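Trainee: I should like to work through this structure by question and answer. May we begin with the terms?

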Amino acid sequence: MTKGVLLYCFDTPQVSYSKITDRCISLIERNLDLPVTVITDADTEGRIKSNCDTRVVDVDKGNTKLSKPWYNLERHLAFDHSPYDRTVVMDVDYFCYSDKILRLLRSENDFLVHKSAHDVLHREQMRYDREAMLDLVWATVLIFDKTPRTRAIFDTVKLVKQNYVHYCNLYRITYKNFRNDYAFAIALNQINGHREYDVIPDSIATVPADAEILELNDNGAVIRYKDKTISLQDQDLHFLNKEVANV
Amino acid sequence: MSKGFVWFCQNSNDTDYSKLSCELARTIKKHNKENNVCVIVDKESVFQSEHVDVVKVLSNDDAHGHQKKFANEYKVFDLTPFTHTIKLEADMLWNSCTDWWWYYLWQHDLVFSVDCFDYKEQRVKDKEYRPYHRRNFLPNVYNGMTYFRRSMFAKDFFDTCEAIVKNWKFVKENLLINCFDELPTTDVVYALAYRLIDPTSQQLLDYPWFKFIHNKPAIHRKKYMADPQNYYYPMRIDDSVFFGEKKITAPLHYFYKNFLEVLDARTL
């Protein structure tokens with residue numbers, strides 16, 4: 001069975017995701033030792049310096065976040081894009097400072113996703129359970145086998161994406177822009193018969209957008225928030241501050 | 001020693017509380033083995049139901065002529081036929097077996113529902129609808145579900161409630177800040193009475209399960225929803241109540257008086 005990591009990387013006018021991808025891939029090589037395939041567009045491909053398999057697609061550039069371009073509309077095609085039997089799809093701003101993903105890859109579940117995330121500064125609960133009638137999942141990291149069931153999950157995500165306004169109304173989702181987190185939550189909810197399903201048991205450590213990133217090294221990051229300097233070591237981190245590209 | 005559920009039922013111009021009481025009694029009996037029910041009524045609201053064990057008629061109706069009939073609620077301590085009582089409101093539904101509650105409750109004199117649940121059965125501390133609680137720093141207790149046993153502490157509490165109700169004008173002008181209610185509401189009376197008998201809330205028990213779902217928009221954190229009764233697709237299937245696809249288990253205080261029709265509209 002082949003295993004590998006699938007990344008989506010599309011530079012926007014504001015953020016050089018290719019730089020973030022290079023850093024992400026170097027950590028994958030160091031801590032996971034898995035092959036990496038990057039799905040990208042023609043403009044971005046030449047800027048990715050890492051040694052990895054790249055595949056160029058026509059990116060759907062319709063979405064925005066905080067009035068800025070947000071190219072997040074390809075994730076539902078991961079089943080088709082992935083050349084691996086068992087695939088880890090992750091955001092390029094998810095940095096693997098541990099081998100946690102390897103342990104998850106050894107599990108027997110054919111589809112895994114996080115259901116919770118936390119702010120490393122412990123300022124606020126990253127809970128959105130009042131924003132919709134169903135619990136959100138974090139599509140930051142997806143682990144899946146190619147099985148009929150996971151095919152059905154991705155097909156349902158496609159269906160949700162095509163009819164997102166309807167599903168927003170159906171599940172009373174407040175956030176009206178397309179969001180993979182809700183699309184996968186809806187698909188998992190429906191495929192699992194509206195019951196609980198297996199998820200990654202821990203929570204995503206999230207570095208918030210307003211924390212200044214001082215240093216990135218092989219084992220972690222040093223961040224500053226107000227007058228506090230915090231060292232985060234040996235744990236996977238999800239960076240919301242896109243300045244991570246320039247550190 | 002007896003255990004049971006008690007609530008007041010006084011029909012108003014726009015609501016037939018006897019019908020709601022029968023439905024609540026039916027759901028209590030459906031789910032619980034410990035299911036004695038006593039309903040306290042005024043002379044105009046007397047009814048009979050196979051699901052209600054005792055119908056007590058108020059000999060003296062302090063709420064006569066009131067639009068909202070809260071004025072008799074302090075009498076529950078004297079009127080309950082049970083040693084251990086859970087006091088409810090008529091516009092509620094019972095959704096699961098709660099017999100095990102008694103083993104915890106009867107060890108105490110007085111237990112309130114502190115805070116409430118939203119439709120996901122997550123605790124809500126907001127006091128959106130409770131300006132007097134907020135302004136006066138009153139404990140966020142709900143009279144909609146209150147346990148008490150025959151005890152001196154509970155008697156003190158209900159005697160204090162009576163004093164507040166009977167001296168409401170003085171209370172609102174001297175004990176409460178910015179309170180302009182012409183008539184006392186039971187939630188404010190309970191909260192103030194408890195603050196008076198236990199100022200630091202040292203004996204205020206807060207069981208995480210002794211709460212009910214309060215079906216008000218802001219409790220669900222959706223203050224400005226269109227059609228709030230239907231917004232979360234409430235429905236009832238074989239005596240199980242669902243909001244959307246989630247089956248609820250906590251008692252439901254549905255608040256909207258025609259909610260029973262809404263609840264059954266999708267399934268009947």
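Mentor: A residue is buried if 20 or more other C-beta atoms lie within 10 Å of its own, exposed if 12 or fewer, and partly exposed in between, with C-beta atoms placed from the backbone. Helices (H or I, at least four residues) and strands (E, at least two) are DSSP runs numbered from the N terminus. This is a predicted model, in which local features need pLDDT of at least 70 and side-chain atom pairs count only at pLDDT 80 or more, while totals for chains, interfaces and linings use all residues. Residues are numbered from 1 along each chain as its sequence is written, and chains are lettered from A and ligands numbered from 1 in the order in which they are written.

Trainee: What radius of gyration does chain B have, set against that of a compact globule?

Mentor: The globule rule, for a radius taken over C-alpha atoms, is 2.2 Å times the number of residues to the power 0.38. For 268 residues this gives a value near 18 Å, and chain B agrees with it. The C-alpha trace spans about 50 × 40 × 40 Å along its principal axes. The radius of gyration of chain B is 18 Å.

Trainee: Is helix α7(B) largely enclosed or open, and how many of its 12 residues are buried?

Mentor: The helix covers residues 186-197 of chain B, and its end C-alpha atoms are 16 Å apart, in agreement with the expected span (1.5 Å times one less than the number of residues). Its buried residues include Thr186(B), Val189(B) and Tyr194(B). Because so many of its residues are buried, α7(B) is largely enclosed by the rest of the structure; the count is 9 of the 12.

Trainee: Which elements of chain B do the buried residues of α7(B) pack against?

Mentor: Two residues are in contact if their C-beta atoms, placed from the backbone, lie within 7 Å. On that basis, the partners of the buried residues are α4 (131-136), β9 (141-149) and α5 (152-166) of chain B.

Trainee: In β9(B), which residue is the bridge partner of Leu110(B)?

Mentor: Two strands pair if DSSP finds at least two bridges between them. Strand β6(B) runs antiparallel to β9(B), and 5 bridges join them. Of the 5 residues of β6(B), 110-114, 4 are buried, so the strand is largely enclosed by the rest of the structure. The partner of Leu110(B) is Phe148(B).

Trainee: Which strands stand at the edges of the open sheet of 4 strands in chain A?

Mentor: The order of this sheet is β7-β15-β11-β9 in chain A, with mixed pairing. Strands β11(A) and β15(A) pair in the parallel sense over 2 bridges, with Thr206(A) opposite His238(A). Each edge strand has a single partner, so one side of each is left without a neighbour in the sheet; these strands are β7 (94-95) and β9 (117-119) of chain A.

Trainee: Is Asn72(B) buried or exposed?

Mentor: Asn72(B) lies in the loop between β3 (54-57) and α2 (76-79) of chain B. Not counting residues up to four places away in sequence, Asn72(B) touches Phe8(B), Leu58(B), Asp61(B), Asp62(B) and Ala63(B). Because 21 other C-beta atoms lie within 10 Å, Asn72(B) is buried.

Trainee: Is Phe137(B) buried or exposed?

Mentor: Phe137(B) is in the loop between α4 and β9 of chain B. Although not a glycine, Phe137(B) has a positive phi of about 55°. With 9 other C-beta atoms within 10 Å, Phe137(B) is exposed.
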